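Colleague: I have not looked at this one before. Can you put it on the screen and take me through it?
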Amino acid sequence: IIGKNCSIGKNLVVNGIGTVVIGDNCDIAPEVTFQTGGHEIGSEERRAGTGIIFNQSVESGSWIGGRATILNNSTIGKSCVVAGCACVVKSVPDNTVVGGVPAKVLKRLK
C-alpha cells in the first residue's frame, strides 16, 4: 500500500508474501528492498527452516536512501531518514536518522 504524494525510485523490490505499507509524503530512493519473508534456523540437514512472514511499514514523511534493505517486522517511524545502503533490522523511532549494517541511530531530528 502506498500513500499520497510519495516518490518511489526505480527497481523497488518487495520479496516474500508479507505486507509493506508506505504512508503519505514518503520518498523511497532507487533499488530499495523490503524482505517480507525469511526462515527460522533449521536443523543441520537444512538450515533454512520453517518460513516466516514479515509485515513492514514506513510512516508518513520518511525518506529511505538508495539500496537500503528493510528486514523483519520493522516499522520506520514518522519523518525518519534511512541512509543509503543501510540494513534496517528493527523498528526506527520517529524523527531519527539511521545508517549502517545493521542500521543504528546516527541522529535525532526535531
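Colleague: Let me start with a cysteine: how exposed or buried is Cys6?

Modeller: This is a predicted model. In it, Cys6 is partly exposed, with a relative accessible area of 22%.

Colleague: Which cysteine sulfur is closest to that of Cys6, and how far away is it?

Modeller: The closest one belongs to Cys26, 4.8 Å from the sulfur of Cys6. That is too far for a bond, because a disulfide needs the two sulfur atoms within 2.5 Å.

Colleague: And what about Cys80?

Modeller: Cys80 is in no disulfide either. Its nearest cysteine sulfur is again in Cys26, at 9.7 Å. Cys80 is buried, at 1% relative accessibility.

Colleague: So how many disulfides does the count come to?

Modeller: The count is 0 disulfides.

Colleague: Change of topic. What is the secondary structure of the chain?

Modeller: The protein chain has 0 helices and 15 strands.

Colleague: What about its overall dimensions?

Modeller: Along the principal axes, the C-alpha atoms fill a box of roughly 50 × 25 × 20 Å. The radius of gyration is 14 Å, which agrees with the value near 13 Å for a compact globule of 110 residues.

Colleague: What share of the residues is buried?

Modeller: Of the 110 residues, 33% count as buried. As for contacts with a separation of 6 or more, 22% of them are between residues 24 or more positions apart.

Colleague: Back to the strands. What is the order in the sheet of 6 strands?

Modeller: The order is β1-β4-β9-β12-β14-β15, in an open sheet with mixed pairing. β1 (7-8) and β15 stand at the edges with a single partner strand each, so each has one side without a neighbour in the sheet.

Colleague: How do β4 and β9 run, parallel or antiparallel?

Modeller: β4 and β9 run parallel, joined by 2 bridges. Ile28 has Ile64 in β9 as its bridge partner.

Colleague: And β14 with β15, parallel or antiparallel?

Modeller: Strand β14 (residues 96-99) pairs with β15 in the antiparallel sense, over 4 bridges. One of the bridge partners is Lys107 in β15, which faces Val97.

Colleague: What lies between those two strands?

Modeller: They form a hairpin, with 4 residues between them. Gly100 in the turn has a positive phi of about 100°. Pro102 is also in that loop, and a cis peptide bond joins Val101 to Pro102, with omega about -5°.

Colleague: How many residues of β15 are buried?

Modeller: The number is 0 among its 5 residues, 104-108, and the strand is hardly covered.

Colleague: Which residues other than glycine have a positive phi?

Modeller: Among them are Asn5, at about 60°, and Asn25, also near 60°. Asn5 is in the segment before β1 and is exposed, at 65% relative accessibility. Asn25 sits in the loop between β3 and β4 and is partly exposed, with a relative accessible area of 41%.

Colleague: Which strands make up the sheet of 3 strands?

Modeller: That open sheet has the order β3-β8-β11, with parallel pairing. β3 (20-22) and β11 (75-76) are the edge strands, each pairing on one side only. Between β8 and β11 there are 2 bridges, and Ser57 has Thr75 in β11 as a bridge partner.

Colleague: Is Gln56 in β8 buried or exposed?

Modeller: Gln56, in strand β8 (residues 56-58), is buried, at 3% relative accessibility.

Colleague: What does the side chain of Gln56 meet?

Modeller: A polar atom of the Gln56 side chain lies 3.3 Å from the backbone oxygen of Ile70. Leaving aside neighbours within four places in sequence, the residues in contact with Gln56 include Val20, Phe34, Leu71 and Ser74.

Colleague: Last topic: which side chains meet in a salt bridge?

Modeller: Glu31 and Arg67 do, at 2.5 Å from N to O. The count for the model is 1 salt bridge.

Colleague: Where in the chain are Glu31 and Arg67?

Modeller: Glu31 is in the loop between β4 (27-28) and β5 (33-35), and Arg67 is in the loop between β9 (63-64) and β10 (69-70). The pair links distant parts of the chain, 36 residues apart. Glu31 is partly exposed, at 29% relative accessibility, while Arg67 is exposed, with a relative accessible area of 54%.

Terms used:
Residues are numbered from 1 along each chain as its sequence is written. This is a predicted model: local features need pLDDT of at least 70, side-chain atom pairs count only at pLDDT 80 or more; totals for chains, interfaces and linings use all residues. Side-chain values use heavy atoms; hydrogens and water are left out. Buried means under 20% relative accessible area, exposed over 50%, partly exposed in between (1.4 Å probe, protein chains only). A polar contact is a pair of N or O atoms within 3.5 Å; within protein, one must be able to donate a hydrogen and the other to accept it, and residues adjacent in sequence count only if both atoms are side-chain atoms. Contact means heavy atoms within 4.5 Å. A salt bridge is a side-chain nitrogen of Lys or Arg within 4 Å of a carboxyl oxygen of Asp or Glu. Two strands pair if DSSP finds at least two bridges between them. The radius of gyration is taken over C-alpha atoms; the globule rule is 2.2 Å times the number of residues to the power 0.38.
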